[in-house]
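Please look over the protein below. This report covers a surface patch, the overall fold and the salt bridges.

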Amino acid sequence: MIDAIQQYCRKTNQPIPETPAEICRCIFDSLALRYKQVFQWMQEFAPFKLEVLHIIGGGSLNKYLNQFTANATGATVLAGPQEGTAIGNIMLQAKAAHLVKDIWEMRQIIANSVDLVKYEPTDKTVWDQAFDKYLKISE
């Protein structure tokens, strides 16, 4: 994968990441900028303004990526729960056992049971410029 990243950077006349830190930063930046692109597409379909992005599962533990995602998208990121799949499974079993009445009650139980980490966007100008560059490169 490292070779593929370096070759792509070379092919698109970008700085070539060499160190593990540079490679990780390249990956995180690329992911966050792609999330912004997809988030913008979702905005086009939503009948209301999307202002919050929820990240669940293992990725919710990655503080750097979550902050970069908030920065790139301009949206507040709520990270957690880590075990979203397991929690969803438990809630569906509770519903099947008639321990909860509907999805709204399930969501309330989950909201009261897990702590979310909130990330607010920063560095808007820097990330907007990076996104413009991302779009030109990825065309």
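## Val-38 and its patch

Val-38 sits in helix H2, which covers residues 20-45. The model is predicted. Val-38 has a relative accessibility of 31%, so it counts as partly exposed; the partly exposed class runs from 20% to 50%.

Val-38 belongs to a nonpolar surface patch. Its partners there are Trp-41, Met-42 and Phe-45. Together the four residues offer about 430 Å² of accessible area.

## Overall fold

The protein chain has six helices and three strands. Read from the N terminus, the order is α-α-β-α-β-α-α-β-α. The radius of gyration is 18 Å, while the globule rule gives 14 Å for 139 residues, so the chain is more spread out than a compact globule. The C-alpha trace spans about 60 × 35 × 25 Å along its principal axes.

Of the 139 residues, 31% are buried. The chain exposes about 9600 Å², and carbon and sulfur atoms supply 59% of that area. Take the contacts between residues at least 6 apart in sequence: 61% of them join residues at least 24 apart.

## Salt bridges within helix H2

Side chains of opposite charge can pair when their charged atoms come close. The whole structure holds four salt bridges.

One of them joins Arg-25 and Asp-29, at 2.8 Å from N to O. These two residues lie four apart in helix H2, so about one helical turn separates them. Arg-25 is partly exposed because its relative accessibility is 42%. Asp-29 is also partly exposed, at 22%.

## A link between helices H2 and H6

Lys-36 and Asp-128 form another salt bridge, at 3.1 Å from N to O. This pair ties distant parts of the chain together: Lys-36 is in helix H2, Asp-128 is in helix H6 (residues 124-138), and they are 92 residues apart.

Is Lys-36 buried or exposed? Its relative accessibility is 9%, so Lys-36 counts as buried; the cut-off for buried is under 20%. Asp-128 has 23% and counts as partly exposed. Lys-124 joins Lys-36 and Asp-128 in a network of salt bridges.

## Lys-118 and Glu-120

Lys-118 and Glu-120 make a salt bridge too. Their closest N and O atoms are 3.6 Å apart. Lys-118 is exposed, with a relative accessible area of 55%. Glu-120 is partly exposed, with 37%.

How values were computed: Residues are numbered from 1 along each chain as its sequence is written. This is a predicted model: local features need pLDDT of at least 70, side-chain atom pairs count only at pLDDT 80 or more; totals for chains, interfaces and linings use all residues. Side-chain values use heavy atoms; hydrogens and water are left out. Patches are made of residues with over 30% relative accessible area and no salt bridge: like charges are joined within 9 Å, nonpolar side chains (Val, Leu, Ile, Met, Phe, Trp, Tyr) within 5 Å. Accessible areas come from the Shrake-Rupley method with a 1.4 Å probe; for residues, only the protein chains shown count as cover. A salt bridge is a side-chain nitrogen of Lys or Arg within 4 Å of a carboxyl oxygen of Asp or Glu. Buried means under 20% relative accessible area, exposed over 50%, partly exposed in between (1.4 Å probe, protein chains only). The radius of gyration is taken over C-alpha atoms; the globule rule is 2.2 Å times the number of residues to the power 0.38. Contact means heavy atoms within 4.5 Å.
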